[in-house]
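This report walks through one structure, from its overall build to single residues. Please keep the sequence and the 3D view at hand.

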Amino acid sequence: MDADSAPRVIAHRGFAGAAPENTVPAVEYACQHDETDMVEVDAVPTADGTVVCFHDPQLHETDDSRGITDADGTVWETATDTVLDARVLGTHATVPTLDAVLAAIPEGVGVNVELKHPGRAVAPFADALALADPTPARERWQPFVADVLALLDDFDRRVLLSSFYEGALAAVDAAGGYPVAVITGESITDGLTTAARYDAAAIHPHWHHVSGATERTVVETAHERGLAVNAWTVDTWHRAAALADAGVDGVIADYPELGAWRDRHPAADDGR
Ligand code: G3P
Ligand code: MG
């Protein structure tokens with residue numbers, strides 16, 4: 001596999017396996033690697049609507065949050081100052097605004113903003129895509145999405161907005177002007193249905209949906225529909241190699257250089 005046909009690399013939370021995720025230092029680290037095509041970050045609002053980059057609902061440890069900061073609170077119910085002071089994973093890096101993250105991305109590198117939570121009630125993942133009536137979900141996401149897009153309007157590099165939630169994608173689509181990617185969750189079928197509704201640029205499936213017996217079907221079906229396939233979350237070189245073989249367009253990776261080992265040491269022609 002040569003560099004031209006290798007999947008593009010999207011640095012997951014700024015290479016979360018190698019740097020404190022979703023922070024400015026992580027983004028800077030990711031952008032030091034020439035292979036990085038885009039940096040992926042998770043976007044959520046604070047209590048006053050400031051858009052910050054953080055993955056878990058809570059700053060502290062709960063059933064659904066890992067407790068990766070030294071602060072307490074649900075992000076979208078917590079004052080901005082408290083959120084921005086929270087140190088991530090025992091480092092000096094703090095939770096950043098999306099604005100600060102965008103400012104850290106140099107020319108030539110794009111951003112994949114994952115619309116993680118709008119700061120108000122959302123449906124469970126199981127009921128997040130291929131909605132019978134997307135209008136209420138779109139209305140729930142619209143204020144947060146408007147704030148994100150206002151920041152991106154001043155960012156003159158490549159942007160891709162992704163979400164597990166149709167409401168988020170519908171709100172982006174209604175505003176116009178930005179490509180979207182559907183994070184397909186458990187149902188590829190629902191993901192493809194949703195992708196068609198909003199003329200998505202890509203689907204973002206978990207790697208297990210594009211590995212094994214169905215890998216060619218999913219990738220080929222997406223390609224036939226004009227969709228790129230960027231698989232998450234890739235944390236080993238052999239997973240990256242398998243996904244490259246499956247024909248994915250991008251890997252959303254936790255570490256840099258996962259594609260490099262096989263490029264440097266290709267198998268001999270006899271396959272050994
Ligand atoms: O965008 C792909 C991936 O980031 C989605 O999962 O939980 O890591 O945000 P998560
Ligand atoms: Mg994410």
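A residue is called buried under 20% relative accessible area, exposed over 50% and partly exposed in between, with a 1.4 Å probe and protein chains only. By that measure, 53% of the 272 residues of the protein chain are buried.

This is a predicted model, in which local features need pLDDT of at least 70, side-chain atom pairs count only at pLDDT 80 or more, and totals for chains, interfaces and linings use all residues; side-chain values use heavy atoms, with hydrogens and water left out. Residues are numbered from 1 along each chain as its sequence is written, while chains are lettered from A and ligands numbered from 1 in the order in which they are written.

## Overall build

The protein chain has nine helices and 11 strands. Its radius of gyration is 18 Å, close to the 19 Å that the globule rule gives for 272 residues, so the chain is as compact as a globular protein of that length. The radius is taken over C-alpha atoms, and the rule is 2.2 Å times the number of residues to the power 0.38. Helices (H or I, at least four residues) and strands (E, at least two) are DSSP runs, numbered from the N terminus.

Along the principal axes, the C-alpha atoms fill a box of roughly 60 × 45 × 40 Å. Contact means heavy atoms within 4.5 Å. Of the contacts in the protein chain with a separation of 6 or more, 61% join residues 24 or more positions apart.

The accessible surface comes to about 12,300 Å², and 47% of it belongs to carbon and sulfur atoms. Such areas come from the Shrake-Rupley method with a 1.4 Å probe; for residues, only the protein chains shown count as cover.

The chain carries 17 positive and 45 negative side chains. Lys and Arg count as positive, Asp and Glu as negative; His and the chain ends are not counted. The centres of the two sets lie 4 Å apart, with each charge placed at NZ of Lys, CZ of Arg, CG of Asp or CD of Glu.

## The magnesium site

Which residues are the protein donors of the magnesium ion (ligand 2)? They are E40 (OE), D42 (OD) and E114 (OE), lying 2.0 to 2.2 Å from the ion. Their spacing along the chain is E-x1-D-x71-E. E40 sits in strand β2 (residues 36-45) and E114 in strand β6 (residues 110-115), so this pair ties together parts that are 74 residues apart in sequence. E40 is buried at 4% relative accessible area. E114 is buried, also with a value of 4%. Donors here are N, O and S atoms within 2.8 Å of the metal (3.2 Å for Na, K and Ca); water is not among the atoms, so sites may look incomplete.

## Backbone exceptions

Most residues other than glycine have a negative phi, and most peptide bonds are trans. F15 departs from this, with phi near 55°. F15 lies in the loop between β1 (8-12) and α1 (24-31), and counts as buried at 0% relative accessibility. A130 is not a glycine either, yet has a positive phi of about 50°. A130 lies in the loop between β6 and α4 (135-152) and is partly exposed at 24%.

The peptide bond from W232 to T233 is cis, with omega near -25°. T233 belongs to strand β10 (residues 228-234) and is buried at 18% relative accessibility.

## Contacts across the chain

The table leaves aside neighbours within four places in sequence.

| Residue | Contacts |
|---|---|
| T233 | H12, W207, I252, D254 |
| P118 | P45, R140, W141, F144 |
| R239 | W207, V234 |

P118 is in the loop between β6 and α4 and is buried at 6%. Its C-alpha atom is 5.4 Å from that of F144, 26 residues apart along the chain. R239 is found in helix α8 (residues 237-245) and is partly exposed at 23%. The C-alpha atoms of R239 and H208 are separated by 9.9 Å, with their positions 31 residues apart along the chain.

## Helix α5

How many of the 10 residues of helix α5 (residues 166-175) are buried? Seven are, so to speak of it as mostly covered is fair. They are E166, G167, A168, L169, A170, A171 and V172. These residues pack against β6, α4, β7 (159-163), β8 (180-183) and α6 (188-197). Just after α5, G176 takes a positive phi of about 80°.
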